[in-house]
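The following paragraphs lead the reader through one protein chain, from its sheets to its cores and aromatic pairs. Please keep the structure in view while reading.

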Amino acid sequence: MQGSLDSAAAVPQPLGGDSDTGFALSGWAFGADRGRVVDIVAFVDDGLASSERVHLVSLPDVAAAVGDAAEWPGFVMDARADSSDVARLGFVVFALFEDGTASRLALRYLPIESDWTGRETLPVSDGRRLAVMPPLAGVFDGSVERMTFVGRQFVLVGWAADIERSERPRQIIVYRDGEYLASFGINRERPEIAQAIGRPGLRRIGFRGVLPGSAAVTAPRPNYRVFAVLARGVAVELRLDTASAPAAEDPAG
């Protein structure tokens with residue numbers, strides 16, 4: 001199965017409406033041997049977002065791009081949800097297929113935006129708008145310790161943690177030249193860091209990720225920006241401490 005939630009855009013609230021905000025959700029899904037898409041459902045914070053209309057549409061340009069002759073259904077969906085919940089938690093959207101199965105649609109990370117004061121926001125296609133924050137001692141912290149080639153792969157190694165809440169990040173997001181490049185999870189234990197930040201039980205806060213197409217990268221490292229997405233609804237920009245990194249696992253490990 002392949003699919004993506006490409007946009008969750010708020011629409012003007014009609015006069016006299018309730019506390020919920022209208023949203024127009026759009027994207028696409030393809031199930032291969034699962035049959036055609038029969039419905040799209042959206043949730044916010046484990047609650048079903050009330051749906052008014054779902055339109056399935058053909059996207060021949062996407063079909064041509066992937067070399068598949070089958071109809072490639074896109075969708076446009078009207079939904080209503082509390083706007084503050086969407087901004088913090090985002091939509092979780094599933095495609096339902098003819099064979100009775102359901103698959104969660106992937107998200108897109110959009111170009112970073114900034115307002116007139118210079119404050120930055122990282123928009124996500126599920127409706128979240130993550131405030132970009134620097135590491136803050138005792139609250140949230142982390143760094144990219146190594147950016148190096150391992151064979152033909154360009155590997156990032158580091159750590160991140162929500163210290164105040166004793167939580168690990170949801171995801172690590174990498175941008176290059178202002179555009180989304182890659183994402184990966186928290187997949188390594190770093191007990192020495194957990195001990196140093198005073199959270200010995202918060203061991204799984206390390207990450208190791210491989211950047212796509214990195215063997216051909218020639219741009220200088222300052223063009224990379226790496227963020228830890230926290231459950232509190234912010235994107236913490238991690239320091240690129242690649243010149244004086246503390247001891248960490250072997251990047252090939």
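Two strands are taken to pair if DSSP finds at least two bridges between them. By that criterion, strand 13 and strand 14 are paired in the antiparallel sense, with 10 bridges between them. Within this pairing, Thr148 stands opposite Val155 of strand 14. The model under discussion is a predicted one.

The overall composition may be stated before the details. The protein chain contains three helices and 20 strands. Of its 253 residues, 40% count as buried. Among contacts with a separation of 6 or more, 63% are between residues 24 or more positions apart. The exposed area of the protein chain is about 12600 Å², of which carbon and sulfur atoms supply 51%.

Strand 13 and strand 14 belong to an open sheet of four strands, whose order is 17-14-13-20 and whose pairing is mixed. Strand 17 and strand 20 (239–240) occupy the edges; each has a single partner strand, so one side of each is left without a neighbour in the sheet.

A further open sheet has seven strands, in the order 10-11-12-19-18-15-16, again with mixed pairing. Its edge strands are strand 10 (113–114) and strand 16 (179–184), each of which pairs on one side only.

One end of that order can be followed through two hairpins. Strand 10 pairs with strand 11 in the antiparallel sense over two bridges, and Glu113 has Thr121 in strand 11 as its bridge partner. The hairpin formed by these strands has five residues between them, and Gly118 in its turn has a positive phi of about 95 degrees. Strand 11 (residues 120–123) then runs antiparallel to strand 12 (residues 129–133), to which three bridges join it. Here Leu122 has Leu130 as its bridge partner in strand 12. The hairpin of strand 11 and strand 12 also has five residues between the strands, and Gly127 takes a positive phi near 105 degrees.

Which residues are in contact with Val226, leaving aside its neighbours within four places in sequence? Val226 lies in strand 18 (residues 224–229), and its contacts are Val144, Leu156, Ile172, Ile173, Val174, Val236, Glu237, Leu238 and Leu240. The relative accessible area of Val226 is 0%; since buried means under 20%, this residue is buried. The C-alpha atoms of Val226 and Ser143 are separated by 8.7 Å, although the two residues are 83 residues apart along the chain.

Several of these names recur in the nonpolar interior. The largest nonpolar core has 22 residues, of which Leu156, Ile172, Val174, Phe207, Leu211 and Leu238 touch the most other members. At least two residues of this core come from each of strand 13 (140–150), strand 14 (153–162), strand 15 (171–176), strand 16, strand 17 (206–211), strand 18 and strand 19 (234–237). Apart from this core lies another, of 20 residues, which includes Leu5, Met77, Ala79 and Phe97. Ile172, for its part, is in contact with Ala160, Ala182, Ser183, Phe184, Ile186, Phe207, Val226, Phe227, Ala228 and Leu238, when its neighbours within four places in sequence are left aside.

The aromatic residues add a further set of relations. With ring centres required to lie within 6.5 Å, the count comes to seven aromatic pairs. The ring centres of Phe23 and Phe91 are 5.2 Å apart and their planes stand at 75 degrees, so this pair is edge-to-face. Phe23 belongs to strand 2 (residues 21–30), whereas Phe91 lies in the loop between helix 2 (83–89) and strand 7 (92–97); the pair therefore ties together parts that are 68 residues apart in sequence. Phe23 and Phe91 are both buried.

A second example is the tilted pair of Phe154 and Tyr224, with 5.9 Å centre to centre and 55 degrees between the planes. This pair links distant parts of the chain, as Phe154 lies in strand 14 and Tyr224 in strand 18, 70 residues apart. Phe154 and Tyr224 are likewise buried. In addition, Tyr109, Tyr175, Tyr180 and Phe227 form one aromatic cluster.

Terms used
Residues are numbered from 1 along each chain as its sequence is written. This is a predicted model: local features need pLDDT of at least 70, side-chain atom pairs count only at pLDDT 80 or more; totals for chains, interfaces and linings use all residues. Side-chain values use heavy atoms; hydrogens and water are left out. Buried means under 20% relative accessible area, exposed over 50%, partly exposed in between (1.4 Å probe, protein chains only). Contact means heavy atoms within 4.5 Å. Accessible areas come from the Shrake-Rupley method with a 1.4 Å probe; for residues, only the protein chains shown count as cover. A nonpolar core is a set of buried Ala, Val, Leu, Ile, Met, Phe, Trp, Tyr and Cys residues joined through side-chain atoms within 4.5 Å. Rings of Phe, Tyr and Trp (its six-membered ring) pair if their centres lie within 6.5 Å; planes under 30 degrees apart count as stacked, over 60 as edge-to-face and the rest as tilted.
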